[in-house]
Amino acid sequence: LVSRKWKVNPTVIDFGDGLQVKEGEFTIMAGPCSIENEDQIEKTINHLVSQNVRFMRGGVFKPRSSPYSFRGLGIEGLKLFYEMCRAQGIKIVTEVMQVSQIAEMEPYTDVFQVGARNTQNFNLLDELGKVDKPVLLKRGISGTIDELLYSAEYIFSGGNEKLMLCERGIRTYETASRNTLDLNAIPILKEKTHLPVIVDPSHGIGIREYVEPMALAAIMAGADGIIYETHEKPEEAASDGAQTLSFSESERLIRKMRKTFELR
Ligand code: PEP
Ligand code: MN
């Protein structure tokens with residue numbers, strides 16, 4: 001069902017008030033790895049509004065390698081995040097980790113993100129297939145492109161056609177970067193499926209200085225949008241600071257991304 005052979009027209013995801021994610025339009029989603037507090041949300045919203053960015057990312061349920069790391073503010077943090085963004089016309093993208101969270105998150109979520117550790121959580125995918133909210137499905141840490149497409153198939157066949165795919169880097173033998181952003185996946189996915197393809201260069205390379213070149217490369221490779229991490233003080237971020245852009249770096253990236261998209 002997610003194949004271009006089955007549906008020729010590209011999927012358009014409509015968020016109302018003129019906001020759509022689709023092929024031919026360039027989407028930017030930016031924000032911190034983790035939602036931390038009211039001040040952080042407000043400063044990030046101001047940054048995004050000043051740049052005319054309409055989607056803010058941020059996790060309140062964080063999948064951390066160590067159980068001792070910051071694991072997020074939970075549902076109360078999500079309510080605050082949502083209310084503050086809604087007041088400014090910003091849509092939120094936030095990770096859902098398990099089936100039991102869907103119902104409590106739904107009223108406060110614009111896009112459900114499925115993280116790389118849950119790409120093959122088939123029970124979660126089944127349940128998201130029944131939800132009337134867009135889903136951003138990330139590629140698994142060691143997942144193939146076909147496995148990503150089968151995971152997408154779970155959600156789409158369940159009845160939820162508001163689906164975006166996300167290349168976020170895969171684990172390879174390379175240790176010089178956190179992950180290996182698979183630029184190859186972009187043209188391949190664009191040919192195989194009608195779904196929008198969003199690229200995450202932050203997790204893809206894991207090193208702040210290289211997020212910009214990888215984002216621009218992804219756009220030239222055909223990405224429909226970029227999702228990346230930004231924070232007022234990246235070195236103080238509760239998670240993923242090393243790959244997080246400051247607001248001035250973010251501003252420069254946005255300018256370069258929009259120019260690059262026009263050149264395509
Ligand atoms: C994130 O977006 O902060 C995240 C945990 O991403 P991923 O699932 O791609 O590792
Ligand atoms: Mn992160």
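## The two sides of helix 1

On one side of helix 1, Glu38, Asp39 and Ser50 are exposed, that is, each has 12 or fewer other C-beta atoms, placed from the backbone, within 10 Å of its own. The other side holds the buried residues Gln40, Ile41, Thr44, Ile45, His47 and Leu48, where buried requires 20 or more such atoms and partly exposed lies in between. Seen down the axis, these buried residues fall within an arc of 160 degrees, so they line one face of helix 1; the arc is that of the directions from the helix axis to the C-beta atoms.

This is a predicted model, in which local features need pLDDT of at least 70, side-chain atom pairs count only at pLDDT 80 or more, and totals for chains, interfaces and linings use all residues. Residues are numbered from 1 along each chain as its sequence is written, while chains are lettered from A and ligands numbered from 1 in the order in which they are written.

## Length and cover of helix 1

Helix 1 comprises 13 residues, 38-50, and reaches 18 Å from its first C-alpha to its last. This is close to the 18 Å expected at 1.5 Å a residue, a span taken as 1.5 Å times one less than the number of residues. Helices (H or I, at least four residues) and strands (E, at least two) are DSSP runs, numbered from the N terminus.

The cover over the buried residues of helix 1 includes strand 3 (27-31), strand 4 (55-57), helix 2 (74-87) and helix 9 (247-263); contact means C-beta atoms, placed from the backbone, within 7 Å. Asn52, which follows helix 1, has a positive phi near 55 degrees.

## Helix 8 and Lys256

Helix 8 (residues 208-220) also has buried residues: Val211, Met214, Ala215, Leu216, Ala218 and Ile219. Among the elements that cover them are helix 6 (185-192), strand 10 (225-229) and helix 9. Just after helix 8, Gly222 takes a positive phi of about 115 degrees.

Lys256 belongs to helix 9. Leaving aside residues up to four places away in sequence, Lys256 touches Glu212 and Leu216. Leu216 is 40 residues from Lys256 along the chain, yet their C-alpha atoms are separated by 7.6 Å. Lys256 is partly exposed, because 15 other C-beta atoms lie within 10 Å.

## Surroundings of ligand 1

Ligand 1 is surrounded by Cys33, Gly59, Pro63, Gly115, Ala116, Arg117, Lys138, Arg168 and His203, each with its C-beta atom, placed from the backbone, within 6 Å of the ligand.

Terms used. Contact = placed C-beta atoms within 7 Å.
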